[in-house]
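Visitor: Could you pick one part of this model and go through it closely with me? I'd like to follow it outward and see what else it touches on.

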Amino acid sequence: MSHKYDILVMGASGFTGQLVAKYLATQAPLQNFTWAAGGRNREKIEQKMRQVHAEPSEIFVADSNDEEALRAAVKQVKVVISLIGPYLLHGEKLVKVCAEEGTHYVDLTGETPFIYKTVKQFQRAALDSKALIVHTSGFDSIPSDLGAFLAVQRLKQAGGDETFAGPVRTAFKAKGGMSGGTLSSLLTVVEQPKESREVASKVYALSPVQGKHKGRPVVVSSQTFRGQKTWGGFFLMAPINIPVVNRSWGILESADPSSRVFRYGPNFVYDEFMALPGPISSFIASTVMLLSFGAIALFSPVRWLLRRFGPQAGDGPSEKERENGWYEVTTVAKSDDGKLESRVVQKGKGDPGYLATSVLISSCALCLVKDYDRLPPIAKHGGFLTPATALGDVLVERLEKTGRFSFHVEDNSLVKKIQ
């Protein structure tokens, strides 16, 4: 199938959409690709593109509920970047037409019920068309997913292909803000029917097989590498990141022989937490966070107040705040026999949820456009995969080349910098 353009940014006039458009506009002449912008209001898209000095090759006008217009647009591109959240309300038809038309797709959803629903409904169509559908292609959940993947592969390098992981834990440090779109997605998930909320609470909801994780929220946790301990407490993004990492584990556990070489093993158990100075501060912070999250989930007046006085659609961190943001994510993996351990330290420049995320998702799309032939064998089948299983080391290389991200991998006997 011939495609007129390489990448289509749907939701380009939104807060994150403008950041993605700005980044793609700077990279298009350097990396020789074309891109288009899409949304429901041409005048607004044109206005926002002028503001960020981005000139798309084309503007597609399509409402998120207009399947015919969406289909006409995706037929003309290789990859769609979807930024039209909350995805549970606006994202389903775009996934459907991409899966049916063989157009690759990436998004920023942090909505577990949305992923569960789209995989269930459109996996067969995506496999038939060989479309790659990769949800959670931003700060949630690339650092978690790649961290676990790289840490386990390091164990296997040190101990051999039959070395498998036991406990794997990730500690987060970050500085960033929240946009109206992120808040809206959170509130949308907690207001879903009981069945959808139950899906969001299950750590193996997205995995094709079940594992050994007990599913309890982390109140006080820690990780130890070479005898050095890091403490932490409940991390707000863990409820989406853990199911995504477990989906990567499940995909590789059930994959064909060409991909099973990457499998994590039956005793893999993943958790993550926000790094804090010690156990007392971890307990206090976790308690406050869990109580706050519970209040949002249980009490509609709290949600009303957040909608009324919290960040609104189109709002987000200032340019200075975005530039001053950062993250550092440390993943430690232990082999299931306890003899080996590995550590991956990822660092990202820019506000994690916005500036860094705009580069993360753009890099995922560019992997599909420019590096498709180098992707793992499992990616060539199409279907719904994760950033780690679809893009793996190819994404790591592309992120390093941006100059905004670094990956440092070591085990208990050797230090190695990924080039």
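**Starting from one salt bridge**

Guide: Let's start with Arg263 and Glu253, whose side chains form a salt bridge with their closest N and O atoms 2.9 Å apart. Arg263 sits in the loop between helix H11 (257–260) and strand E10 (269–276), while Glu253 belongs to helix H10, so the pair ties together parts 10 residues apart in sequence. Keep in mind that this is a predicted model.

How covered are the two partners? Buried here means under 20% relative accessible area. Arg263 has 15% relative accessibility, so it counts as buried. Glu253 has 13%, and therefore it is buried too.

That fits with the helix that carries Glu253. H10 is mostly covered, with 15 of its 16 residues buried. From its first C-alpha to its last, H10 reaches 22 Å, close to the 22 Å expected at 1.5 Å a residue. So H10 is the part I'd look at closely, and it leads straight to an enclosed space.

Searching the whole structure turns up two cavities of 30 Å³ or more. The largest has a volume of about 70 Å³. H10 (238–253) is one of the elements giving at least two residues to its lining, along with helix H6 (112–129) and strand E13 (383–385). Val244 and Arg247 are among the lining residues, and by number both fall within H10. Ile115 and Val119 are there as well, and their numbers put them in H6. The rest of the lining is His135, Thr136, Leu206, Phe384, Leu385 and Thr386. Sorted by class, that makes six nonpolar residues, three polar ones and one charged one. Arg247 is in that lining, and Arg is one of the residue types that count as charged.

Thr136 deserves a second look. This cavity-lining residue sits in the loop between E6 and H7, and its phi is near 50°, a positive value in a residue other than glycine. For background, most residues other than glycine have a negative phi, and most peptide bonds are trans. At 2% relative accessibility, Thr136 counts as buried. Set it beside Asn32, which has a positive phi of about 60° although it is not a glycine. Asn32 is in the loop between helix H1 (15–31) and strand E2 (35–39), but with 64% relative accessibility it counts as exposed.

Stay in the Thr136 loop a moment longer, as there is something else to see. A cis peptide bond joins Asp140 and Ser141, with omega about 20°, and Ser141 lies between strand E6 (132–134) and H7. Another cis bond joins Gly85 and Pro86, with omega about -5°. Pro86 is in the loop between strand E4 (77–82) and helix H4 (87–90).

Moving on from Ser141 brings you to Ile142 and Pro143, and these belong to the lining of the second largest cavity. Helix H7 (142–159) and strand E14 (405–411) are the elements giving two or more residues to that lining. Tyr327, Gln346, Leu360, Leu399, Phe405 and Phe407 complete the list. The volume of this cavity is about 30 Å³, and its lining divides into seven nonpolar residues, one polar and no charged.

Now back to charge pairs, where we began. The whole count comes to 17 salt bridges. One of them joins Arg71 and Glu101, with the closest N and O atoms 2.8 Å apart. Arg71 is in helix H3 (residues 67–74) and Glu101 in helix H5 (residues 92–101), so this bridge ties together parts 30 residues apart in sequence. Both Arg71 and Glu101 are buried, much as Arg263 and Glu253 are.

Asp371 and Arg374 give a mixed case: their side chains meet in a salt bridge at 3.7 Å, N to O. Asp371 is buried, with a relative accessible area of 11%, whereas Arg374, at 46%, counts as partly exposed. As for Arg71 and Glu101, salt bridges that share partners join them with Glu67, Lys96 and Glu100 into one network.

One last bit of context comes from a record. An unreviewed UniProt entry lists residues 7–128 as "domain: Saccharopine dehydrogenase NADP binding". In the model that span is 54% helix and 18% strand, and its end C-alpha atoms lie 22 Å apart.

Methods: Residues are numbered from 1 along each chain as its sequence is written. This is a predicted model: local features need pLDDT of at least 70, side-chain atom pairs count only at pLDDT 80 or more; totals for chains, interfaces and linings use all residues. Side-chain values use heavy atoms; hydrogens and water are left out. UniProt positions are given in the numbering used here, feature names are shortened, and annotations may be inferred rather than shown by experiment. Helices (H or I, at least four residues) and strands (E, at least two) are DSSP runs, numbered from the N terminus. On a 1 Å grid over the protein atoms alone, a cavity is a set of points where a 1.4 Å probe fits but cannot get out, and a pocket is an open set with protein on both sides within 12 Å along at least five of seven lines; lining residues have an atom within 4 Å of a point. Grid points are joined across faces, edges and corners, and a volume is the space filled by probe spheres set on the points. Buried means under 20% relative accessible area, exposed over 50%, partly exposed in between (1.4 Å probe, protein chains only). The expected span of a helix is 1.5 Å times one less than its number of residues. A salt bridge is a side-chain nitrogen of Lys or Arg within 4 Å of a carboxyl oxygen of Asp or Glu.
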